[in-house]
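Reader: Hey, I've just been handed this one and don't know my way around yet. Can you walk me through it?

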Amino acid sequence: MPKDGIGAATKRREDVRFLTGNGRYTDDINLRGQAYVWFVRSQVAHGKITKLDTSDAAKMPGVIRIFTGDDFAQVGGVPCGWQVTDRHGKPMLEPKHPVLAQGKVRYVGDAIAAVVAETEAQARDAAEALVVDIEELPAVIDMKAAVKAGSPLVHEDIGSNLCYDWGFVEENKAAVDAAFAKADHVTTLELVNNRLVPNAMEPRVAVGDYDFSTDHHTLYTTSQNPHVIRLLMGAFVLGIPEHKLRVVAPDVGGGFGSKIFHYIEEAFVTFAAKQLRRPVKWTAQRSESFITDAHGRDHVTKIELALSKDGTFQAIRTETYANMGAYLSTFAPSVPTWLHGTLMAGNYRTPLIYVNVKAVFTNTVPVDAYRGAGRPEATYQLERVIDKAARELKMDPIALRRKNFVTEFPYQTPVAVVYDTGNYNATMDKLSEMADLAGFEKRRAASAAKGRLRGLGVNCYIEACGIAPSHLVGQLGARAGLYESATVRVNATGNIVVMTGSHSHGQGHETAFPQVVADLIGIPAENVEIVHGDTANTPMGMGTYGSRSLAVGGSALVKATNKIISKAKKIAAHLLEASEEDIELKEGKFSVAGTDKSVDWGSVCLAAYVPHNYPLESLEPGLEETAFYDPSNFTYPAGAYACEVEVDPDTGKVTICSFAAADDFGNIVNPMIVEGQVHGGLGQGIGQALLEGAVYDENGQLLSGSYMDYAMPRADDVPFYKVDHSCQTPCTHNPLGVKGCGEAGAIGSPPAVVNAVIDALQRGGHDVTHIDMPLSPSRVWAAMNQA
Amino acid sequence: MYAFEFKRPKTLSEAVAALGGEDAQALGGGQTLIPTLKQRLAAPATLVSLNGIDEIKGICTDDQGRLCIGGGTTHAAVAKGAGAYPALAALAANIGDPAVRSRGTIGGSVANNDPSACYPSAVLASGATVVTNTRQIAADDFFQGMFTTALEPGEIITEVRFPIPQKANYQKFVQPASRFALVGVFVAKYADGVRVAVTGASSNGVFRWTEAEKALSANFSAKALDGLKASADGLISDIHGSAEYRAHLIKVMTGRAVTAAG
């Protein structure tokens with residue numbers, strides 16, 4: 001076993017270039033003859049374009065061409081990759097999403113025209129000279145108002161703002177209602193899962209290029225999944241066959257989901273580059289990111305929990321309004337349904353569950369997956385309502401959870417998914433120890449002596465990630481498979497290049513993936529390198545999201561490496577004049593079992609490429625294998641989180657004193673990377689709980705449209721975390737036994753923070769049962785002073 | 001950003017001349033102006049940087065014992081060099097972040113009179129004198145509402161003169177996103193009375209809370225505020241807090257400032 005194989009906390013090799021300014025991001029790409037596009041965007045949320053006059057703007061210095069909706073009248077719209085079927089068996093309403101507006105604008109930020117010029121400043125100057133008259137229409141912002149009769153329609157042609165009314169499991173509805181009717185106790189909670197702006201550090205960028213001599217298109221873009229962009233844009237928008245379209249995503253500076261989706265700007269630069277026979281570049285301004293990157297969350301939910309007198313969970317019923325925004329972003333319909341409804345069982349044995357979700361169009365930025373995507377929304381409402389139930393029943397919230405834990409696996413939930421493995425009591429035990437739950441009262445007294453209200457919030461989470469079994473998601477409406485791929489290319493001298501369909505946007509693939517290959521073969525990880533992010537030289541892959549890279553991409557990597565080992569053993573058997581079955585591979589050396597005969601890895605690789613002494617009659621030369629892996633189930637990371645807060649009763653300000661996270665991620669390849677992923681997720685979850693919130697006014701203007709009003713968590717907003725992943729129940733169905741870890745922190749932490757604040761207020765004598773996120777000082781103060 | 005001419009004069013008189021040109025705009029540390037220009041919300045023909053003028057930089061004490069801070073002095077320099085007025089130095093040390101403090105100037109902040117900026121509260125609470133290239137303006141006359149001051153076009157703040165109080169303290173409750181003051185209160189106790197200036201709260205910009213001044217002048221203790229209530233009339237109400245919340249915070253921060261002042 002090499003010292004830098006599976007389980008080693010090796011430092012991230014990609015950080016050498018990231019930390020020294022040598023990363024190569026999309027905005028670092030500048031092509032010869034490149035022109036720049038500036039998009040003219042709607043400043044009103046809803047309106048008819050009554051006049052669009054480009055004549056003066058077209059005469060401005062440097063202007064090459066101005067594109068409007070008319071140029072895209074014959075071009076496909078941006079497609080949606082997931083079709084949800086509603087309660088009544090009807091497919092969701094799916095409006096067209098044109099590249100440039102076709103006579104109507106539907107949110108502040110909707111692209112009306114695109115000015116291409118020699119420089120970005122010239123394009124921007126000309127954009128300001130464009131004459132656009134818009135007859136403003138009433139905007140639809142509030143979801144519940146949007147589905148009432150007589151509401152203005154975001155899309156007249158589909159006849160309704162209700163995208164779908166989804167019931168899950170619809171067949172269980174009557175039984176769930178009956179269980180509620182005779183329940184000993186019902187706890188009800190209405191809450192908002194606040195809308196978030198993704199805020200990747202690197203704004204989106206797209207550069208389109210076209211080679212007329214070969215009719216080849218290239219798109220450089222900030223993407224988590226270049227193959228998906230190639231498929232969607234090539235097949236559905238521009239009609240470019242895949243062999244004529246290359247999509248490159250170089251280093252990507254964060255995405256959190258927002259760079260999964262196919263955006264109109266990508267289609268535009270690819271289209272315009274051919275029209276103009278010049279490369280065309282777009283770089284988002286930060287203020288543009290706020291109104292064009294797909295937002296996250298934005299659910300309004302009523303959850304009810306039915307319990308018996310002794311606290312046994314009997315049934316769960318929810319009704320959620322989920323904001324889609326003005327158009328369906330790539331995976332938007334799947335988030336409040338299959339990524340949310342299927343998680344409503346949480347870590348608990350609740351026999352009956354019914355989830356109703358109404359997806360609604362509004363005149364706001366499209367909403368789609370954001371770190372956790374549906375699972376944070378499920379976890380938040382469930383873990384909040386359990387805390388409320390414990391208070392109502394005067395039970396200890398941890399004991400109530402333990403009482404209802406799933407303890408036997410595999411466990412078939414009433415919401416379709418099957419948990420393969422887990423040990424929720426173990427993570428709770430670990431948490432109790434890490435967070436010193438027993439010592440809370442002492443700390444509370446110390447806080448009280450300072451005039452502060454201290455509270456403790458504990459919750460569990462489970463998530464389904466490692467997305468996803470293709471056959472299953474196909475039945476659920478996915479218009480894509482969700483396998484992953486890897487090509488392992490062994491060079492003649494034994495070092496290895498791995499081409500993977502996964503693509504890092506910060507996760508450390510270049511470090512963790514080589515650890516896996518090196519471990520299997522028994523060579524140093526430094527002899528293995530990763531190539532990713534370019535459709536021209538990697539096998540078809542579905543990219544990085546849903547905590548899937550190691551669980552799915554890593555499994556493909558194991559499969560391909562095992563194929564390599566299998567072939568290498570044949571070569572070794574030939575060289576050692578032994579039977580293939582007798583060959584053992586250990587620490588980079590092939591030996592014949594029971595003898596001292598051996599040949600090293602390098603010699604076998606050399607023989608494969610210099611096949612002088614080689615079984616050519618039965619074996620091809622070379623050593624390169626590709627594998628695709630399609631998981632048979634999701635992976636189910638789970639854990640228990642504890643947060644302690646102090647509330648300043650004079651101001652309502654919440655300070656997080658401590659945060660502990662006990663996670664079960666199954667086997668761990670690189671503990672340092674896992675810890676970093678958890679830290680990042682916790683930071684985002686705490687951000688959602690205390691700080692972040694995208695707020696629209698009634699006219700559809702984004703009030704929190706810059707960092708002056710949208711609060712991102714800073715280092716001093718978060719504590720030094722205690723994280724642990726020693727409770728390990730390895731995934732039973734992938735070869736590494738790993739579960740995803742990228743989203744866990746963001747999924748599990750918001751309820752811990754909110755539970756802690758409510759606990760602090762309750763202990764301080766304030767009868768506050770809920771405050772909607774973000775728990776800003778003013779909201780906490782208002783709640784304290786109304787109750 | 002739109003194109004503009006850029007001038008960096010070395011003397012005050014050159015700067016005054018440059019600002020006499022059409023659509024000329026003075027540039028201090030640029031911590032407000034540069035973002036405004038980048039968003040194309042302003043389009044000056046000429047930008048006149050005051051950063052090269054040594055005669056408006058630095059800190060000294062005048063013969064009346066006042067701390068005199070050149071208009072071109074950065075927040076970082078004040079944080080380091082205003083030891084004679086510790087509450088003022090502490091205020092400067094907590095403006096924005098290190099980058100802002102290294103570029104932003106007291107003259108720029110005071111001239112801009114952002115309703116959420118820290119410095120105007122110190123200037124007003126100290127009864128400071130704003131000195132320009134043409135005159136001296138008392139703090140009470142200088143601030144005239146949100147982003148509005150007594151400055152004439154082309155007038156440059158050369159110095160701000162602070163009488164040093166017996167006791168003083170500034171308490172800032174930050175707006176979570178911008179970390180500007182949601183409410184900031186500067187309390188300064190002089191031999192002839194206490195002055196309390198509030199920033200962040202009012203849509204009219206910095207103002208004095210006279211009821212609190214009266215109470216604290218009689219008894220400089222947080223207890224003296226019992227029974228007082230800042231009015232919510234005219235206070236800002238936005239996604240970060242209601243007018244009532246801001247009014248409440250004015251009292252809380254005033255009390256904390258008094259206690260911290262000792």
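Reader: Let me start with a detail: which residue is the bridge partner of A:H217 in β11(A)?
Author: That's A:L245. Keep in mind that this is a predicted model.

Reader: Okay, and how many bridges join β10 of chain A to β11(A)?
Author: There are 4 bridges between them, and the two strands run parallel. β10 of chain A covers residues 216-221.

Reader: What sheet are they part of, and in what order do its strands come?
Author: An open sheet of 7 strands in chain A, ordered β3-β5-β1-β12-β9-β10-β11. The pairing in it is mixed.

Reader: Which are the edge strands there?
Author: β3 (63-68) and β11 (245-248) of chain A, and each of them pairs on one side only. Ignoring direction, neighbouring strands in this sheet are turned by 20° against each other on average.

Reader: Which strands does helix α3 of chain A touch?
Author: Helix α3, residues 120-129 of chain A, packs on the sheet and touches β1 (35-41), β3 and β5 (111-117) of chain A. The helix direction makes about 30° with that of β1(A).

Reader: And where does helix α6 of chain A lie?
Author: Across β10 and β11 of chain A. Helix α6 spans residues 226-238 and runs at about 145° to β11(A).

Reader: Switching to chain B: how many helices and strands does it have?
Author: 10 helices and 12 strands. The radius of gyration of chain B is 18 Å, close to the 18 Å the globule rule gives for 262 residues, so the chain is as compact as a globular protein of that length.

Reader: What does its C-alpha trace span along the principal axes?
Author: For chain B, about 55 × 45 × 30 Å. Of the 262 residues in chain B, 48% count as buried.

Reader: Got a sheet in chain B to show me?
Author: Yes, 5 strands of chain B form an open sheet in the order β4-β5-β8-β6-β7, with antiparallel pairing. β4 (59-61) and β7 (136-138) of chain B stand at the edges with a single partner strand each, so one side of each has no neighbour in the sheet. From one strand to the next, the twist averages 25°.

Reader: How many bridges are there between β6 of chain B and β7(B)?
Author: 3 bridges, in the antiparallel sense, with β6 of chain B covering residues 129-132. As for a residue pair, B:V131 has B:Q136 in β7(B) as its bridge partner.

Conventions:
Residues are numbered from 1 along each chain as its sequence is written. Chains are lettered from A and ligands numbered from 1 in the order in which they are written. This is a predicted model: local features need pLDDT of at least 70, side-chain atom pairs count only at pLDDT 80 or more; totals for chains, interfaces and linings use all residues. Two strands pair if DSSP finds at least two bridges between them. Axes are lines fitted to C-alpha atoms, for helices over the stretch in contact, and angles run from 0 to 180 degrees between N-to-C directions. Two residues are in contact if their C-beta atoms, placed from the backbone, lie within 7 Å. The radius of gyration is taken over C-alpha atoms; the globule rule is 2.2 Å times the number of residues to the power 0.38. A residue is buried if 20 or more other C-beta atoms lie within 10 Å of its own, exposed if 12 or fewer, and partly exposed in between; C-beta atoms are placed from the backbone.
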